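User: Got a minute to walk through this one with me? I'd like the overall picture, then some details.

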Amino acid sequence: MAAKKSKNLIWKVHLWIGLYVGIVIAALSITGAVAVFIPEIDALLERKYELTETGDSYVPMNGVITQVQLENPGFRVLGAMPPAKATDPLILDIFKDAGAKDSQRVQVFINPYTGAILGQKSHTDSLSNYLRQIHVRLMDAWWGRQIVGLAGIGLFILCITGLLIYGQFMKNQIFGAIRTKNLRILMADWHKLVGMVALLFNLMIAGTGAWLGLQPILIKAFDIAAPNAFVRTEKTSTPEIDIDQEYDYWKALEVAKAQIPEFTITQVIPSKNGTNTIEVKGDAGHLPFEPHISKVVLDKTSLAVLDVYDIRKQAFSDKFYYMQEGLHFGRFGGIFLKIAYALLAITSGVLSITGFFIYLLRKKKTAEEKDQVKKTIFIYSISTIAIIIGLALITVFIGYAYATMLMTPAVYIFLVCFISYSLFQYWKKEKTSKEHAHEKV
């Protein structure tokens with residue numbers, strides 16, 4: 001009896017979490033499968049800025065910054081991304097603070113040999129920013145990130161309960177066997193098989209996704225200090241002087257590279273608070289860490305080394321802290337690993353869809369009823385994909401701010417309606433059950 005109750009509890013937990021979290025997981029599955037290719041998407045869209053001719057030396061950065069600021073009044077420099085190879089442009093990252101609706105982050109592409117501005121694009125309204133924001137926080141600035149984190153916990157529980165259910169089920173069936181007795185059994189067998197094949201991947205994605213989503217709350221609740229947080233204590237000037245302080249950008253790259261073996265520099269961020277420093281950030285080796293995490297901090301005037309942080313030499317706690325995003329997005333093994341990530345990411349969406357099939361078909365007897373279930377699932381699936389594509393088009397052609405104005409209220413309206421409807425259905429079912437019990441008495 002106890003074993004039967006335990007089995008029923010596992011089934012109920014798996015069922016109800018799947019029903020409440022499945023739609024979010026399906027959306028994250030689709031967006032995640034594309035989001036792993038964000039660097040490749042950027043590289044493809046920025047090919048028009050690739051140089052056809054190279055020079056012998058780079059122009060001084062100070063003149064470049066002055067020119068960019070003259071052509072973009074009101075913008076301040078966030079940082080500069082050096083060329084990865086000889087034909088790559090220098091990218092200046094600039095930002096204009098004009099409120100939630102009109103603030104803009106722009107990337108300016110520059111010929112590092114001549115200083116000529118090749119063009120610029122809005123990072124805020126870019127496809128890559130959209131993909132990251134919809135996957136990480138459902139484009140919601142309030143609690144979207146936490147909702148995604150909770151979905152990660154839900155996926156983790158679904159994987160564990162699914163494993164327990166499958167273990168009990170496999171006592172009477174050969175592994176991987178697909179029965180075609182009816183549509184519900186067919187979907188159930190595919191559901192179990194896909195879940196088992198992608199089990200370890202989905203557990204990893206669920207764990208890292210839960211941490212990344214709930215990170216702000218967990219850090220505050222458990223007073224977790226972020227590693228790699230070197231800050232120069234003394235301020236050698238005022239913020240106004242610090243912002244305009246000139247420095248030798250190209251020499252700073254040389255000094256930083258000499259401090260960390262196999263250091264690929266990806267960002268150079270000058271201080272703006274009076275500390276007179278330069279953060280030279282990048283990647284050290286092809287390891288599963290989030291990007292730009294190793295860094296060298298230099299004095300802006302003298303280029304004296306103030307701090308060196310090579311993630312490979314840090315304690316396990318630091319490595320574990322910075323491993324979550326790298327593992328989640330597969331940013332350490334090249335394009336073939338990313339393709340594998342994309343294919344495996346889709347499995348959680350497949351599990352959501354087949355799970356809904358199984359649930360909706362459980363009491364359907366006639367062919368007409370089963371066809372209606374197929375149509376319902378098809379409409380929901382196509383609608384989700386259409387919304388994701390529609391928001392992408394709004395972001396790129398109208399603006400990210402307008403897409404969020406639609407998405408943020410939509411997230412909460414959907415949640416309120418979905419939860420209210422589910423509670424109403426539960427109340428209705430309980431009421432009917434009690435009425436039947438009363439009639440029998």
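**Salt bridges, helices and turns**

Analyst: Sure, and keep in mind that this is a predicted model. One residue to start with is Glu40, which is partly exposed with a relative accessible area of 31%.

User: What does the Glu40 side chain meet in a salt bridge?

Analyst: Lys338, with 3.1 Å from N to O. Glu40 sits in helix α2 (residues 38-45) and Lys338 in helix α12, so the pair ties together parts that are 298 residues apart in sequence.

User: And Lys338, buried or exposed?

Analyst: Lys338 counts as buried, because its relative accessibility is 6%.

User: OK, zooming out. How many helices and strands are in the protein?

Analyst: The secondary structure comes to 14 helices and eight strands. The C-alpha trace spans about 90 × 45 × 40 Å along its principal axes. Of the 441 residues, 44% are buried.

User: Back to charges. How many salt bridges turn up in the whole structure?

Analyst: A search of the whole structure gives 16. One of them joins Arg105 and Asp93, with the closest N and O atoms 2.6 Å apart. Arg105 is in strand β3 (residues 104-110) and Asp93 in strand β2 (residues 90-96), so this pair ties together parts that are 12 residues apart in sequence.

User: How covered are those two?

Analyst: Asp93 counts as buried at 7% relative accessibility, whereas Arg105 counts as partly exposed at 27%.

User: Which helix holds both Asp371 and Lys374?

Analyst: That's α13 (residues 367-397), where the two are three residues apart, about one turn of the helix. They form a salt bridge too, the closest N and O atoms being 3.8 Å apart.

User: Why does that spacing suit a pair?

Analyst: An α-helix has 3.6 residues a turn, so residues three or four places apart point the same way. As for cover, Asp371 counts as partly exposed at 38% relative accessibility, and Lys374 counts as partly exposed at 40%.

User: Which residues are linked in a network of salt bridges?

Analyst: Asp42, Glu46 and Lys121 are linked that way.

User: What about positive charge on the surface, which residues form a patch?

Analyst: Lys12, Arg184, Arg362, Lys363, Lys364 and Lys429 form a positive surface patch. Lys429 is in helix α14 (residues 400-440) and counts as exposed, at 58% relative accessibility.

User: New topic: α5. Why is that helix largely enclosed?

Analyst: Helix α5 covers residues 127-137, and eight of its 11 residues are buried, so the rest of the structure largely encloses it. The buried ones include Tyr130, Leu131, Ile134 and Val136. Polar names are on that list as well, among them Ser128, Asn129 and Gln133.

User: What follows α5?

Analyst: Leu138, and its phi is positive, near 55°.

User: Where does Asp223 sit? I'm after positive phi values in residues other than glycine.

Analyst: Asp223 is in the loop between α8 (199-222) and α9 (239-244). Its phi is near 50°, and the residue is exposed, with a relative accessible area of 68%.

User: And Asn276, buried or exposed?

Analyst: Asn276 counts as buried, at 6% relative accessibility. Its phi is also positive, near 60°, and it lies in the loop between β5 and β6.

User: How do β5 and β6 pair up, then?

Analyst: They run antiparallel, with seven bridges joining β5 to β6 (residues 277-284). Val268 stands opposite Val280 in β6. The two strands form a hairpin with six residues between them, and Gly274 in the turn has a positive phi of about 100°.

User: How many residues of β5 are buried?

Analyst: Six of the eight in β5 (residues 263-270), so that strand is largely enclosed by the rest of the structure.

User: Last one. How far apart are Phe357 and Leu287?

Analyst: They are 40 Å apart in space, C-alpha to C-alpha, and 70 residues apart in sequence. Phe357 is in helix α12 (residues 335-361) and counts as buried, at 11% relative accessibility.

Terms used:
Residues are numbered from 1 along each chain as its sequence is written. This is a predicted model: local features need pLDDT of at least 70, side-chain atom pairs count only at pLDDT 80 or more; totals for chains, interfaces and linings use all residues. Side-chain values use heavy atoms; hydrogens and water are left out. Buried means under 20% relative accessible area, exposed over 50%, partly exposed in between (1.4 Å probe, protein chains only). Helices (H or I, at least four residues) and strands (E, at least two) are DSSP runs, numbered from the N terminus. Patches are made of residues with over 30% relative accessible area and no salt bridge: like charges are joined within 9 Å, nonpolar side chains (Val, Leu, Ile, Met, Phe, Trp, Tyr) within 5 Å. Accessible areas come from the Shrake-Rupley method with a 1.4 Å probe; for residues, only the protein chains shown count as cover. A salt bridge is a side-chain nitrogen of Lys or Arg within 4 Å of a carboxyl oxygen of Asp or Glu. Lys and Arg count as positive and Asp and Glu as negative; His and the chain ends are not counted. The place of a charge is taken as NZ of Lys, CZ of Arg, CG of Asp or CD of Glu. Two strands pair if DSSP finds at least two bridges between them.
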